[in-house]
Amino acid sequence: MSTQTMTQKDFQNFIEKHKVEIEQIRNSAHLLHESVNQTYDGNLPYGIHLDMVVDSVYKYGHFVCAEETDILPMFFGGYYHDSIEDARLTYNDVMKTARQYMDEQQAYMAAEIVFALTNDKGRNRAERAGEKYYQGIRETPYAPFVKLADRLANIRYSSTHENGSNVHMRKVYQNEWPHFLEAIDAKREDKRFQLPISMIEDIETFWNP
């Protein structure tokens, strides 16, 4: 596995090369969540959240992407990260969907990201995201990065929308931050498991502008 950081230019060139598949993945994920009537912040299309998550893949993905063949799994993981937990798909459903856009090895990587980001069964937030959950993230290529992208999307949204729920969640995210960051940090040299420093710094500006 390469340990050199992919340049942002190379990453963008690869994205451009695969833009048709990425757009197809985006559209299918949006339609999936619409089909189960899932919304974001009460009444917004859930695709708003998915797009915010994938914005981080576009912006920071070159820091962690090891090779071109990993790009589609990364984007798929971003768009489909809630598909098992919230949109009633099974792991096999995710694999079947991923195979429409990539080869078997890529589809497996994509499905594993989605599976790793699926909360455990639990009565409350702590039980749904316990040590077993975070261990799965730490052991799955790109799952720490996509989880961080998910958290960044939620922090950004809760910091810019002032209804009671968002004010509450902003405090929850801030209080959880040290533990959350430690929990998803695989501490591995393999870039596929790493968390971009600039991404972490950007998140922390929401609390320390």
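## Salt bridges

In this predicted model, K187 and D185 are paired in a salt bridge whose closest N and O atoms lie 3.9 Å apart, a separation that still counts because the criterion admits a side-chain nitrogen of Lys or Arg within 4 Å of a carboxyl oxygen of Asp or Glu. The two partners fall into separate accessibility classes, since K187 is exposed with a relative accessible area of 55%, whereas D185 is partly exposed at 28%.

By this rule the count comes to twelve salt bridges. Among them is the pairing of E16 with K19, where the N to O distance is 2.9 Å; E16 has a relative accessibility of 46% and so counts as partly exposed, and K19, at 47%, is likewise partly exposed. Another joins the side chains of E131 and R138, with an N to O distance of 2.6 Å, and here E131 is partly exposed at 49% relative accessibility. Beyond such pairs, a network of salt bridges links E23, R26 and D51.

## The nonpolar core

The largest nonpolar core comprises 68 residues, and those with the most contacts inside it are F75, F76, Y79, Y80, M102 and L148. Helix 10, which spans residues 143-160, gives the most to this core, contributing nine residues. As a general background to such an arrangement, nonpolar side chains in soluble globular proteins tend to be buried together.

Which residues does F75 touch, once those up to four places away in sequence are set aside? The contacts of F75 are with F11, I15, I22, V54, V57 and Y58, and F75 is itself one of the residues with the most contacts inside the largest core.

## Helix 10 against helix 11

Helix 10 and helix 11, the latter covering residues 164-184, have axes that come within 9 Å of each other and cross at roughly 155 degrees. Because an angle over 145 degrees counts as roughly antiparallel, helix 10 is roughly antiparallel to helix 11. The handedness of this crossing is left-handed. On the side of helix 10 the contact is made by P144, K147, L148, R151, N154, I155, Y157, S158 and S159, and on the side of helix 11 by N166, R170, Y173, E176, W177, F180, L181 and I184. L148 therefore takes part in this helix contact as well as being one of the residues with the most contacts inside the largest nonpolar core.

Two asparagines on these helices may be considered in turn. N154 is found in helix 10 and is buried, with a relative accessible area of 14%; leaving aside neighbours within four places in sequence, N154 is in contact with Y40, H49 and Y173, and Y173 is among the helix 11 residues that make the contact with helix 10. N175, by contrast, is placed in helix 11 and is exposed, with a relative accessible area of 65%. The C-alpha atoms of N175 and A149, which are 26 residues apart along the chain, are separated by 18 Å.

## Positive phi outside glycine

Which backbone angle is positive at N37 although this residue is not a glycine? At N37 the angle concerned is phi, with a value of about 60 degrees. N37 sits in the loop between helix 2 (19-35) and strand 1 (39-40), and is exposed, since its relative accessible area is 66%.

D41 also has a positive phi, of about 55 degrees, without being a glycine. The loop that holds D41 runs between strand 1 and strand 2 (44-45), and D41 is partly exposed there, with a relative accessible area of 28%.

## A loop residue before helix 10

T140 belongs to the loop between helix 9 (131-138) and helix 10. Is T140 buried or exposed in that loop? At 8% relative accessibility T140 counts as buried, because the cut-off for that class is under 20% relative accessible area. Not counting residues up to four places away in sequence, T140 touches E112, I113, A116 and F193.

Methods
Residues are numbered from 1 along each chain as its sequence is written. This is a predicted model: local features need pLDDT of at least 70, side-chain atom pairs count only at pLDDT 80 or more; totals for chains, interfaces and linings use all residues. Side-chain values use heavy atoms; hydrogens and water are left out. Buried means under 20% relative accessible area, exposed over 50%, partly exposed in between (1.4 Å probe, protein chains only). A nonpolar core is a set of buried Ala, Val, Leu, Ile, Met, Phe, Trp, Tyr and Cys residues joined through side-chain atoms within 4.5 Å. Helices (H or I, at least four residues) and strands (E, at least two) are DSSP runs, numbered from the N terminus. Contact means heavy atoms within 4.5 Å. Axes are lines fitted to C-alpha atoms, for helices over the stretch in contact, and angles run from 0 to 180 degrees between N-to-C directions. Angles under 35 degrees count as roughly parallel, over 145 as roughly antiparallel, 65 to 115 as roughly perpendicular and the rest as oblique. A crossing is left-handed if the near helix is turned anticlockwise from the far one by less than a right angle, and right-handed if clockwise.
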